[in-house]
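Me: Could you take a close look at one part of this protein for me, the sheet and whatever packs around it? Keep it casual, and walk me through it in one go.

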Amino acid sequence: MGHLDTLNPQQRLAVETIHGPVLILAGAGTGKTRVITHRVAHLIERGIAPGHILGVTFTNKAAREMQERVAQLIRKRLRTPGGEAPGGSPASAPAAAPLSPTICTFHSLCVRILRQHIEKLGYKRNFVIYDEAEQLGVLKKILAQISTPDAKADPAAILAWLSRLRNGGEHATALSDPGWRALAEHLRARYESALRACNAVDFDDLILLTLRLFREQPVALEACRARYRYVMVDEYQDTNAAQFRLVHDLTREHRNLCVVGDDDQSIYGWRGAEIANLLEIEKHYPETRVIKLEQNYRSTNTILAAANAVIRHNVRRRGKRLWSQKGDGPKITLHAFASDEEEARTIAEQIEFARLAHRTPWAHQAILFRTNAQSRPLETALRQAGVRYRLVGGQSFFDRREIRDFLAYLKALLNPSDDVSLLRIANVPARGLSDATMERLLAASSERKCPVFAAMKNPAVTTSFPSRPRESIARFVELIERTQEQLLAPREPGARDPRALQNWANGFLTEIGYFAEIRRLEKNPETAENRLRNLKDLIATLDESASAAPSRFEGLQTFLEQITLDAGREEEKEPDANDGVTLITMHSCKGLEFPHVYVVGMENGLLPHSRAQADGTLDEERRLFYVAITRAMQTLTISHCGARKKYGTPVPCHPSPFLQDLPPELVEHADERARQPVTPQSAKANFAILRASLDNAEPPPAPSRAGPNRARGETPR
């Protein structure tokens, strides 16, 4: 058992406690993956057949990592002189059971069970599993067949609602009003019937049908219990009601259940996770032994002390105190910026300065934020500073549908021969140019070897269409040509409207009904407002670099050129995607670690979110801040703004109340009065001077492939 000597006392206790229910309370960065894999290997060394061991995770990546690390530990043990194979046999003899404990996700486990037993539920064994696109297709057909005012609601939103309803639990009861619940119950029956008619199941069904199998077929349940005699569950705080019932069904007789988790990192309540599964485990397993892992191998003590101070304000939690042997490290830097644009520009400058002056690779730096909408100014500033980045856990601002639609409109207006852009926006918003109509026009343009717009203007082409689509084509051509004339009109000498392009864009999108279309299609008002805000934030930047152009047409050309060149510079850089600053939402960063972390937008209304007080989720918002803090290994910078743009207009902001939880002695306030405002021009000048001084220096070291962006991994001791 020499491999246990590498563990600290609490880790070793968790590994060696193999019988009965155990809760391993693993704080952030305390080596939980290491403990889980060593525990599986230890079970096998103690003579437990690998086939009787089950480890359940939430991601395939985590499952693969655990499988590989367990296999390495077992191989190392078998190579040790005098080592024994599982079951107590000599290492040279055939093993009593294959060296293959089951380590998989909840869904993979249920697929294995259902492939053996689903015929008992009336399904065929060759059932298919529908992905989200196929689920949406089924739901859209059902919505088209029923007559209800809510039938045109966003299918994706309904699907998410149905998932939470079907999985049950305390969160499902507060999802909507009685009318909505009645509709959802009706849709649920139709939806499940439609899937069953196709011998199909979705991801929720995999667990729900397994639970039904256990209820209706006790023999199948007993077979699973006999097979899986030692059960381990990772990230237990993220389990929902259905997953809890599955684990309880498997373990309530033999009681050999080990759950690993951290209630302080429970941040997925909005998707059904129930923190009570971890906090109240003794209700179902009164004899549970609780083992705390508190020694952190990731962060400095300054960062950990701040995290401890923040999270202790949550009353409903299991107490723990993270500590480290890495020393105190530098203080946490707190910035107060005038605006979100200043925040983004300064952080971009600091990141690039760290790379050039201190040889800090981009990949060792990360920016964390609460909502996807916050990425817009950050992406813009990083592009302007020439900093490569990758967006994780959210869609790039410039890849969002409303942004792509608007840019396609600009390209089509400046160059109607751009078929790709024209085809994208021809029927957006809907104006009678159906897919069939556009396909005929595209075929005609190919036949005549001309752009689609030229085909739309050609009477020889359009006369073959019925009257309605022919009129729609004519109106679209008139819109493009009339708008072009407006854009090409020269500005009056001496009349330089600083908001000329912004005013034009807002008027144009209002005229064509694009804003109204967003509100019509997005039945969720918050989703619609987010899309509108994204669009208006971009529109607000139109005049920044193009206000001096002779006409609005040329101003838009300048704007598009800058975006295209920025994208081109991104593509020209070496393809090592690992060497880029990580932009990531706080919800997506759990399990990751970075040497240098920037937590931005710490303002009331963002974190905690404006809905938190009404929804009663203030504790979860504080846990989200805790998770963000504990991603940092060496340095942590936190910032908030006095104003943040909404629809292009600065809106006053106030610091997050969570900042008051940070101990003053751990925080260093940046001296904003002494710092000159940073502009793209001054930043580029500073970088140019710094680059010139480093021309003959060695290039910065490449980031380690196994390094700071390791998902759900822990720094080895």
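Reply: Sure, and keep in mind that this is a predicted model. Let's come in by way of a helix end: R359, with a positive phi near 60 degrees, follows α13. That helix covers residues 340–358, 19 of them, and spans 26 Å from first C-alpha to last, close to the 27 Å expected.

Now the sheet. It is open, has 7 strands paired in parallel, and reads β13-β14-β12-β15-β16-β11-β19. At its edges you'll find β13 (389–392) and β19 (667–669); each has a single partner strand, so one side of each is left without a neighbour in the sheet. On average, neighbouring strands here are turned by 25 degrees against each other, ignoring direction.

Zoom in on β15 (residues 594–599) and β16 (residues 632–641), a parallel pair with 5 bridges. If you want one bridge to click on, V597 has L636 in β16 as its partner.

Two helices are worth a look against these strands. α26 (residues 618–629) lies across β12 (365–369), β15 and β16, at about 130 degrees to β16. α12 (residues 301–311) lies across β11 (332–337) and β16, and its angle to β16 is about 50 degrees.

As for the nonpolar packing, the largest core has 48 residues, and F406, M456, L509 and L535 touch the most other members. Helix α15 (residues 401–414) is the top contributor to this core, with 9 residues. Looking past its neighbours within four places in sequence, L535 contacts E402, I403, F406, L509, Y514, F515 and I518. Another core lies apart from that one, with 42 residues including L121, F127, V201 and L208.

Note on methods: Residues numbered from 1 in each chain as written. Predicted model: local features only at pLDDT ≥ 70, side-chain atom pairs only at ≥ 80, totals over all residues. Heavy atoms only, no water. Helix = DSSP H or I, 4+ residues; strand = E, 2+ residues; numbered from the N terminus. Expected span 1.5 Å × (residues − 1). Core = buried A, V, L, I, M, F, W, Y, C linked by side-chain atoms within 4.5 Å. Buried < 20%, exposed > 50% of the residue type's maximum accessible area, 1.4 Å probe, protein only. Contact = heavy atoms within 4.5 Å. Pairing = 2+ DSSP bridges. Axes fitted to C-alpha atoms, helices over the stretch in contact; angles between N-to-C directions.
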